[in-house]
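This briefing goes through a few features of the structure shown below, grouped by topic for a reader at the bench. Please keep the structure open while reading the points that follow.

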Amino acid sequence: MKRSIKKTAVLGSGIMGSRIACHFANIGLEVLLLDIVPKDLSTREKEKGLDQNSPEFRNRIVNESLQVAIKSNPSPLYHKKFADRIKTGNFEDDLKKISSCDWVIEAIIEDLGIKKNLFEQVEKYRQPGSLITSNTSGIPIRLMTDGRTDDFKSHFCGTHFFNPPRYLKLLEIIPTEYTKKEVVEFFQDYGKLFLGKTTVLCKDTPAFISNRIGIYAILKAVQSMQKLGLGIDEVDRLTGTTIGRPKSATFRTSDIVGLDTLIKVANNLYESLENDEQREIFKLPEIIYELEKKNWLGEKTKQGFYKKTKDKKGKTEILTLDLKTFEYKPKKKVKFASIGASKAIDDLKQKFKILFSGKDKATQFYKDSFYGLFQYITYRIPEITDDLYKIDEGIKAGFGWQMGPFETWDALGFKNTLKEMEDAGCNPATWVYKMLEEGHSSFYMVRDGTKQYYDIPSESMKTIPGMESFIILDNIRENNLVWSNAGCSILDLGDGILNVEFQSKMNTMGGEVLEGIHKGIDLAEQEYRGLVIGNQGQNFTVGANLGVLFMYAIEQEYDEIDIIVNHFQQTTMRARYSTIPVVVAPHTLTLGGGCELAMHADIVQAAAETYIGLPEVGVGILPAGGGTKELTRRISDTYQQGDVEMNDLQNIFMNIGMGKIATSAYEAVDMKILTDKDRITVNGDRLIADAKQSALKLAVAGYSMPNPDQKIRVQGKSGIALVLAGVNGMLMGNYITEHDAKIAKKIANVMCGGDLSYPTEVTEQYLLDLEREAFLSLCGERKTLERIQAILQGQKPLRN
């Protein structure tokens, strides 16, 4: 059966329901969001003369919940205008409207009786054959279909999103024995292709996969902390970005989620897991209940494991709870020798080896918590899943870990880790020993560019299903490497398309990366059909290497800086003017030079989650890799001959002058960083594959190099005067500093073409020269050097 989704209904507008509705709107669906009718009129409603038949009263709960979601930060929407795709209503008046919906998802209170009553009403109105799911995180899916028709049962399953749905990639699919196979397969494919999710098929067991393992990992970390006498600051230092996990780590995550939520989930697991050999770990320590008694539940009560306050100078200060005295104290600076030894290592696999080879408490903590986790996950097969890779995918996509537990075990060395686990009394399940007897010494391997996992039932390595549409650079690098240097690699993606992959620290764009871009274009022009510039790092790039710039600026080597900036400009221009199509594939942070490079591509294949912009003003300079020139070129077509209507000029000027960063690819279109010809990929894992296809399409269509733009219309002195009127006002109002104003004048001078008496047409090179001249003049400013130095030292630059 061919199935498509055009309209969805979300039943329940709480934290999850309203945000699921927003994400459905993100991908272009028409959404109906419903909730209950309030019991009584509010004071405000009475003052307005409303009665209980007024739509404003009847839809108050759903409308207020949706507005809270829309205004939340980070936003659940790719673009604020997408909220127009959501219509609201209530269960009493509007439930009949679900008859036109292709998918109805329930996201109400976690009460089985209430859910079953709602499903009884849903069955009266839903279209036979339409999809019906529950977003429950804890109630057994199989219990929800009692009394429902065969058609309802066969099209029903669990679809468990993680909060926030836009940002956390996991979508757990939990079928019942009645769910049609084609329904399960549809959700697995739809989740990946349209919702941008990692879809994981789960068994109907308590907490499914990700929460079962994730909550265990949190509580095991607490147990290890108590065993070793560590504090909150120390554990969050050990369990955050150091090991490729979110910076909220363990206790900050609890504060964000809410301690009451953690208590509820842990208690539910303790009650339901009677046969779990590690059941006692879900029995929370008394300190947790003491916090609950004090109502210190985290952000929702303004204090939990951490408390935000003001010091004597009025500056915000984060205090940490001392679990021995229950007093809040200033955060401690945490230092461990093993962490210090691993700090310079970017490769997480190598970092883990160093962290586990130390002699300090950090290493003891890692071994105690991880070896217990490794043991636990082996016993969860086949209880929660038959496939070990699903545990890794679930925990990575649901909890934001860069590496899953089985992947981490592999990175540490399978055999050696097994021996240390045995010495620690953490013997794994028998299938692990059988796997070893069969000659397998890792859970994963890469064969012919494809990642395979150890399949327990067949006792053999199998390809992870559903990966055919992805290109994973780590998997092809060994066999497909064409060229490399210290900062980047060029890989053959097949079908005549090359890929330039940045591999510098934080993917900064230094000399090696620029060399790699030129080399990639050279090779593609000689022997291939097109080029993709993309990577699968944590960020696309944070921009140019400020360390090199700072070094030359301190030494006043302005000729060297001029050479560097000119080389950068020629690199971005080479991306535009070459004989083969160049596609840039930005994702996550794409700042400064990365943004400038993208704007010069033939097509940008951007991940929806691309945070892109030109923040150079924040470090006391202006975009000079072609960014200021390119945005000027893009708005020149909006000028009408003889007309000085310059709203676009002022908007773009403000975006550069304020260092504005788009919070999605869709916002980047509004900022003219992306254009109508550019394309957006919702599932970031598909980005390189999509970029390759974009390059192929251009090549097959008969690509020809564009001609340099010789007629860019600029406004001259009149434009500068108009723009600077606003700058002077901001300076007088103390909204910006004198140095900010100086940078703004430089930007205005470039965008308006310099000291021209009247509007005229100039070339791209003319504007590039103005960019470079302005950049060099700012590099000599003391305040610019102070800002750059602050950033290099990991501090926030002073807007002096």
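A surface patch is made here of residues with over 30% relative accessible area and no salt bridge, and nonpolar side chains are joined into one patch within 5 Å. The model is predicted, and the points below begin with such a patch before turning to the interior.

**Surface patch**

- Val 548, Met 551 and Ile 564 together make a nonpolar patch on the surface, with an area of about 220 Å².
- Val 548 belongs to helix α23, which covers residues 546–554, and with a relative accessible area of 33% this residue is partly exposed. Because a patch residue needs over 30% relative accessible area, Val 548 at 33% passes that cut-off.

**Nonpolar cores**

- The largest nonpolar core holds 111 residues, and the members that touch the most others in it are Phe 282, Tyr 366 and Trp 431. Helix α9 (residues 210–228) contributes the most to this core, namely 10 residues.
- Another core, of 78 residues, lies apart from the largest one, and its members include Val 500, Cys 752, Leu 767 and Ile 788.
- Beyond its neighbours within four places in sequence, Trp 431 is in contact with Thr 378, Ile 381, Leu 388, Phe 406, Phe 443, Tyr 454 and Ile 456.

**Leu 219 in helix α9**

- Leu 219 is found in helix α9 and is buried, because its relative accessible area is 6%, where buried means under 20%.
- When neighbours within four places in sequence are set aside, the contacts of Leu 219 are Ala 266, Ile 281, Phe 282 and Leu 284.
- Leu 219 and Pro 285 are 66 residues apart along the chain, yet their C-alpha atoms are separated by 9.3 Å.

**Helix α31**

- Helix α31 (residues 738–751) has 14 residues and reaches 20 Å from its first C-alpha to its last, which is close to the 20 Å expected at 1.5 Å a residue.
- The buried residues of α31 include His 739, Asp 740, Ile 743, Ile 747, Val 750 and Met 751, and the buried residues of this helix pack against α26, α27, β24, α30, α32 and α33.
- Gly 753 follows α31 and has a positive phi, near 85°.

**His 23 in helix α1**

- His 23 lies in helix α1 (residues 15–26) and counts as buried, at 2% relative accessibility.
- Not counting residues up to four places away in sequence, His 23 touches Pro 76, Tyr 78, Pro 165, Arg 166, Leu 195 and Lys 197.

How values were computed
Residues are numbered from 1 along each chain as its sequence is written. This is a predicted model: local features need pLDDT of at least 70, side-chain atom pairs count only at pLDDT 80 or more; totals for chains, interfaces and linings use all residues. Side-chain values use heavy atoms; hydrogens and water are left out. Patches are made of residues with over 30% relative accessible area and no salt bridge: like charges are joined within 9 Å, nonpolar side chains (Val, Leu, Ile, Met, Phe, Trp, Tyr) within 5 Å. Accessible areas come from the Shrake-Rupley method with a 1.4 Å probe; for residues, only the protein chains shown count as cover. A salt bridge is a side-chain nitrogen of Lys or Arg within 4 Å of a carboxyl oxygen of Asp or Glu. Helices (H or I, at least four residues) and strands (E, at least two) are DSSP runs, numbered from the N terminus. Buried means under 20% relative accessible area, exposed over 50%, partly exposed in between (1.4 Å probe, protein chains only). A nonpolar core is a set of buried Ala, Val, Leu, Ile, Met, Phe, Trp, Tyr and Cys residues joined through side-chain atoms within 4.5 Å. Contact means heavy atoms within 4.5 Å. The expected span of a helix is 1.5 Å times one less than its number of residues.
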